Protein chains: 2
Amino acid sequence: MLGNFVYCNPTKLIFGPDSLNSLGNELEKYGKKIMLVYGGGSIKKTGLYDKIISILSECGKTVVEDGGVMPNPTYEKLKEGMKIARENKVDFILAVGGGSVIDYSKAVSVSAYCEEDPWEKYFVRFEDVSCKIIPVGSVLTMVGTGSEMNGGSVITNREQMMKVGHVFGENVFPKFSILNPELTYTLPHRQMVAGFYDIMSHILEQYFSGTDDNTSDYIMEGLLKSLIHSARIAVKNPVDYEARSNIMWIATWALNTLVAKGKTTDWMVHMIGQAIGAYTDATHGMTLSAVSLAYYRYIMPYGMDKFVRYAVNVWGVNPEGKDKQTIAEQGLEEMGKFMRETGLAMTASEVGVTADMIPGIARATLIMDGGYKVLTTEEVEEILLESL
Amino acid sequence: MLGNFVYCNPTKLIFGPDSLNSLGNELEKYGKKIMLVYGGGSIKKTGLYDKIISILSECGKTVVEDGGVMPNPTYEKLKEGMKIARENKVDFILAVGGGSVIDYSKAVSVSAYCEEDPWEKYFVRFEDVSCKIIPVGSVLTMVGTGSEMNGGSVITNREQMMKVGHVFGENVFPKFSILNPELTYTLPHRQMVAGFYDIMSHILEQYFSGTDDNTSDYIMEGLLKSLIHSARIAVKNPVDYEARSNIMWIATWALNTLVAKGKTTDWMVHMIGQAIGAYTDATHGMTLSAVSLAYYRYIMPYGMDKFVRYAVNVWGVNPEGKDKQTIAEQGLEEMGKFMRETGLAMTASEVGVTADMIPGIARATLIMDGGYKVLTTEEVEEILLESL
């Protein structure tokens, strides 16, 4: 049911093959000193780094660099970034990369002037920002996290073996995001498909909740069908612009707060996946695919009608003459087939989980209560064992 | 295909039964003098007027009233509103009503300080705003137009028998819109269902274009299915909160620019409907339903594959063993059944069109080129005759 909520998403999205041409215009509104944040340096190989440096120089901006953001950005790295931002008094943070780079940039933007320990404030106590925020913009090179149009920021604390996300408010959302599907072509195949599953999981973890009639669920069924269709094309031909542009757009709308409106959300696959990530440093999307089927089979009895609807509306399972259990299981079988075809990790072992890690991962898993079943730590262990 | 486009929609939506409580907070950011715009006075009968006056008074605001906005707001009325806004130097326009009231308020906001004739500038030459814009906010009491989260403004020039819409940029979008589904309960049944069809038509006129694979089409199929489902419930029980809240939400997302991204758009049903409205002053949604089936039957051969997809994905037509034509026609038959059940006008005669008006209406119909077939004025006449 669509009860009381507020929707406000001021991020400006500039989409398409020519979108980078707008970067200069967008940056006009901000000061001179730009902190350029990026990952492992692939943007130098692809030539994107040079293009951006040249745009920034044409606009008369001074650039302070902060490269080397890792796939699961750490609290240690965040402390470096805070220092760079503060000491250079940067006016704007330009994140060039995927979700990790944007998540990290948002964390820097709210931490640089934070007077407390930002890990404790944001990722343990989940408090609101009370200090100056440095505005962030993004040039997206890898889709999946939706970080380009939301307030999400996931940071890993290696010392505490914790990977935790904070969802910040609109004042932390990127001011603009440049979405050029062609910039995602160079991503290695495995990273590409992991991103596809991250998107799918975002949608599913908002879909599998509630027993009401909610427009958000219909929108999500549309997004899922478009994603499955386009992913099948992109897996065979990663430079199919139509497929990659649809997927880029779906990724943004899957996690920019729209489809969660009026719903509770589950997020247990992400919680388990993030705990795995903190232990194994495996690719985020693969940690999700590795545990998803075991998780959904486990919670199916608690949300049977929605699993039946999912099987019929998303996977085209013909319900005639079948009982609910059969229909729902056939839906998950179709999903499994799609996942295997796509080349996703189908077991936790594939992403580096060993039996002895399981108690630790289960303890590190944050238990959320928005889905069909509130799990116990023992149940998380059971699901992990099942997915080995 | 999702080519180059910009998406930016900064309107803040405050949704739900308690949403009016946020009005005071939202108005804090603006000056003291509020221009309160409303329609025929039904908000006085329902008590909403008193509630709003009391909130404004508690916030220390001064109120300048501009009531009596008619269902198809006229250029003559607009001139009155411009004068009120300018002479009272209002800081903010609060629109309380449906699409007409919000459309009118936006027109006042961009015209009050316009140094040329605003009809000529905006509704004939379709120019951008170059003067000071008075910010607008809305409290929605009737759904359908999507005006609460877009830049659309439709004004009727009685003298010229023209009803024309201008789509303004983000700087004209309402700063906030308060969406309380319960405020829509008191609307007369006929107005309610006319609004439902307005929503459906908005979606269809963006859906029926292109032959590509576009995520927007999948989202629209979801919105249509949710709308059809909820409309069937609301027709029987207009105070079903779940149905009315879903419909309110669908209306906003059907026309806030999202689903048009990457697509061309048709809008011929609206163009014909608006021309009828200028002649008959009939309820907007009814002018659309009156001509829709004749229009879609006419263009079907030019966009056959999409009509087949529509029949199967939206109306659940079983395509097995049938040719395209049959599937597509069965889709429109199902749509017709739904429209009759809903109590919509099914012929142009029902909304006051007579045979002698047809040449004039056809000439007053703006021909658009985004759909499957660019019509001639003769073809518009033919469609109007067919729909009599």
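This tour moves from the two chains as a pair to one sheet and then to the two domains of chain A.

The model is predicted: local features require pLDDT of at least 70 and side-chain atom pairs count only at pLDDT 80 or more, whereas totals for chains, interfaces and linings use all residues. Residues are numbered from 1 along each chain as its sequence is written, and chains are lettered from A, with ligands numbered from 1, in the order in which they are written.

**The pair of chains**

Display chain A and chain B together. A rotation of 180° with 0.0 Å of shift along its axis places chain A on chain B, with an RMSD of 0.0 Å; the superposition is by least squares on the C-alpha atoms of residues with pLDDT of at least 70 in both copies. The two copies are thus related as by a two-fold rotation axis. To locate this axis, select Pro10(A), the residue of chain A whose C-alpha comes closest to it, at 2.3 Å. Both copies use the same surface, since 100% of the contact residues of chain A recur in chain B.

Next, select the interface, where 34 residues of chain A are in contact with 34 residues of chain B (contact: C-beta atoms, placed from the backbone, within 7 Å). On the side of chain A, two or more residues come from each of strand 1 (5–7), strand 2 (12–15), helix 8 (215–236) and helix 9 (241–254). These elements are DSSP runs numbered from the N terminus, helices being H or I of at least four residues and strands E of at least two. Helix 8 of chain A gives the most, with nine residues.

**A sheet shared by both chains**

Now select Val6(A) and Ile14(B), which are bridge partners. They belong to an antiparallel pairing of strand 1 of chain A with strand 2 of chain B over three bridges; strands pair if DSSP finds at least two bridges between them. The open sheet has seven strands with mixed pairing, in the order 1(A)-2(B)-9(B)-6(B)-5(B)-3(B)-4(B). Strand 1 of chain A and strand 4 (62–66) of chain B stand at the edges, each with a single partner strand, so one side of each lacks a neighbour in the sheet.

Move to strand 6 (136–140) of chain B. Five of its five residues are buried, so this strand is largely enclosed by the rest of the structure (buried: 20 or more other C-beta atoms, placed from the backbone, within 10 Å of the residue's own). Val136(B), Ser138(B) and Leu140(B) lie on one side, and Gly137(B) and Val139(B) on the other. Selecting Val139(B) shows both pairings: Val96(B) is its bridge partner from strand 5 (92–97), and Ile178(B) is its partner in strand 9 of chain B. Strand 6 of chain B runs parallel to strand 5 over five bridges and parallel to strand 9 (176–179) over three.

Toward the other edge, strand 3 (33–38) and strand 4 of chain B pair in parallel over five bridges. Add helix 4 (75–87) of chain B, which packs on the sheet and touches strand 3, strand 4 and strand 5 of chain B.

**The two domains of chain A**

Finally, colour domain 1 (12–183) and domain 2 (189–387) of chain A, whose bounds come from an automatic or database domain assignment. Their C-alpha centres lie 27 Å apart. The contact draws 18 residues from domain 1 and 25 residues from domain 2. On the domain 1 side, strand 7 (152–157) and strand 8 (162–167) of chain A each supply at least two residues.

Notes: Contact = placed C-beta atoms within 7 Å. Buried ≥ 20, exposed ≤ 12 C-beta atoms within 10 Å, placed from the backbone. Axes fitted to C-alpha atoms, helices over the stretch in contact; angles between N-to-C directions.
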